[in-house]
Amino acid sequence: MELVKTLRWFGDDDAVTLNDIRQTSATGVVTALHHIPNGEVWPVDEIMEIKNKVESHGLTWNVVESLPVHEDIKQGTKSRDRLIDNYIESMQNLAKCGIKTIIYNFMPVLDWARTDLHYTLPDGTEAMYFSAMDFAAFDIFILRRPGAENDYADEEYKAAKQRFGKMSEEEAEELAYNIIVVTQGFIDGLVDGNSSNYKDVFLSFLARYDNIDKQKLRENLAYFLKKVIPVAEDIGINMAIHPDDPPFDLLGLPRIMSTAEDFRWLAETVPSINNGITLCTGSLSALADNNIPEMIKEFGDRIHFAHLRSTKRLDNGDFYEAGHLEGDVNLVEVVHELHRTMNRTGISIPIRPDHGHKMLDDFHRESNPGYPLIGRLKGLAEISGIEKAVKYFMNLDRTNI
Ligand code: DNO
């Protein structure tokens, strides 16, 4: 048995083409109907169009990443039932087309957060970086979120103030634009970056969570799952929630999918195995307490997809995306545990090298942040090498070595 190797493809607008992906040794892609606004139904003919395109390049569409959950469902507003019905219809349409694994997340407003998209490493390649101080400066002084200062310790507040004081207006604007628009727009752009008041719009989205704490957000996720998972069971769909990225509190928003305890809550709330997880090693690793191999041991049966990458945590609370063989994640152990899981369940787990450093020819091609071709090709090659060795030493496969 093998991990199923995939790469993310953002559709026809992606500078990385299906022909490119075919040459990386990936056998599949993960993609979505990115052009359909969040909350609307994905029609069968449009799903089929993309599926056929992917297959005409000798690839398989293995996983939907993502079928986004509308903010109204996360907030539990009146329109949620209609939106959940739409969601279910999209699931049914995907199942009709034979696409059976769906990723989603339950992070309020932001899909992920980084402060520097071009952090240069000593070898000249670029990674994405999260600076706790820059993020605080953004939150308190650029966005001016009401009450933000109360979420930081005195020292953090002072450091952020100093940092902000040294920023030019352009730098401050770029930081806000990166966090609110650049990293979000190509995935599930909530905020229109062309409008001059995009920061105010963003603030108004955050304000909708003023009365939603962790408990309430959990209730809203449970409500969604109790409607969606029985259908998933009937039609053979595996749902795979993506963990919070990063897995700690941001912008005063509740976070409910950051730790093993959160995964446990998920499994206990709706025990069906169709109620699964995307094991995102990069996201989870930004929290030192997350023991990823142990999480695989505990939740392996529910891991329907894995994002494999690493981060390097720094003492000041920052982290950056390290190379796949570096940083704080031991991908050898991760791949080993995934294989032990697959041996037990008899089901192959699809993976993708999540993100990659920008390197070499990537500097001549405008790809989405985190998704350059060569950097991901390197990650995929490294993961494939690890897997070959793991299988050899597990005595699963001693051929072709
Ligand atoms: C970022 C990705 C996320 C992920 C969604 C899943 O690079 O890991 O955008 O796809 O959170 O819903």
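A polar contact is a pair of N or O atoms within 3.5 Å; within protein, one must be able to donate a hydrogen and the other to accept it. Keep that in mind for Tyr 87, where this tour of a predicted model begins.

**Around Tyr 87**

Tyr 87 sits in helix 4, which covers residues 80-96. Its side chain reaches the backbone oxygen of Leu 67 at 2.7 Å. Along the chain, Tyr 87 and Leu 67 are 20 residues apart, yet their C-alpha atoms are separated by 8.0 Å. Is Tyr 87 buried or exposed? Tyr 87 counts as buried because its relative accessible area is 4%, and buried means under 20%. Setting aside neighbours within four places in sequence, its contacts include Pro 68, Val 69, Ile 102, Tyr 104, Phe 224, Val 228 and Met 239, as well as Leu 67.

Two cysteines join Tyr 87 among the buried residues, as the table shows.

| Residue | Relative accessible area |
|---|---|
| Tyr 87 | 4% |
| Cys 97 | 5% |
| Cys 280 | 0% |

The disulfide count for the model comes to 0.

**The nonpolar cores**

Phe 224, one of the residues touched by Tyr 87, also belongs to the largest nonpolar core, which has 112 residues. Phe 224 is among those with the most contacts inside this core, together with Phe 138, Leu 221 and Leu 338. Helix 9 (residues 214-235) gives the most to this core, with 9 residues. A second, separate core has 7 residues, including Phe 10, Phe 186, Ile 187 and Tyr 371.

What does Phe 138 touch, not counting residues up to four places away in sequence? The list is Leu 143, Arg 144, Leu 175, Ala 176, Ile 179, Ile 180, Phe 202 and Leu 251.

**Helix 7**

Helix 7 (residues 169-188) is 20 residues in length and reaches 27 Å from its first C-alpha to its last, close to the expected 28 Å. At Asn 178 this helix bends by about 50°. Asn 178 is itself one of the buried residues of helix 7. Leu 175, Ala 176, Ile 179 and Ile 180, which are in contact with Phe 138, are buried residues of this helix too, as are Phe 186 and Ile 187, both of which belong to the second core.

Which elements do the buried residues of helix 7 pack against? Two are strands, strand 1 (4-8) and strand 5 (116-120), and the others are helix 5 (132-142), helix 6 (154-166) and helix 8 (198-207).

Technical notes: Residues are numbered from 1 along each chain as its sequence is written. This is a predicted model: local features need pLDDT of at least 70, side-chain atom pairs count only at pLDDT 80 or more; totals for chains, interfaces and linings use all residues. Side-chain values use heavy atoms; hydrogens and water are left out. A nonpolar core is a set of buried Ala, Val, Leu, Ile, Met, Phe, Trp, Tyr and Cys residues joined through side-chain atoms within 4.5 Å. Buried means under 20% relative accessible area, exposed over 50%, partly exposed in between (1.4 Å probe, protein chains only). Helices (H or I, at least four residues) and strands (E, at least two) are DSSP runs, numbered from the N terminus. Contact means heavy atoms within 4.5 Å. The expected span of a helix is 1.5 Å times one less than its number of residues. The bend at a residue is the angle between axes fitted to the seven residues ending there and the seven starting there. A disulfide is a pair of cysteine sulfur atoms within 2.5 Å.
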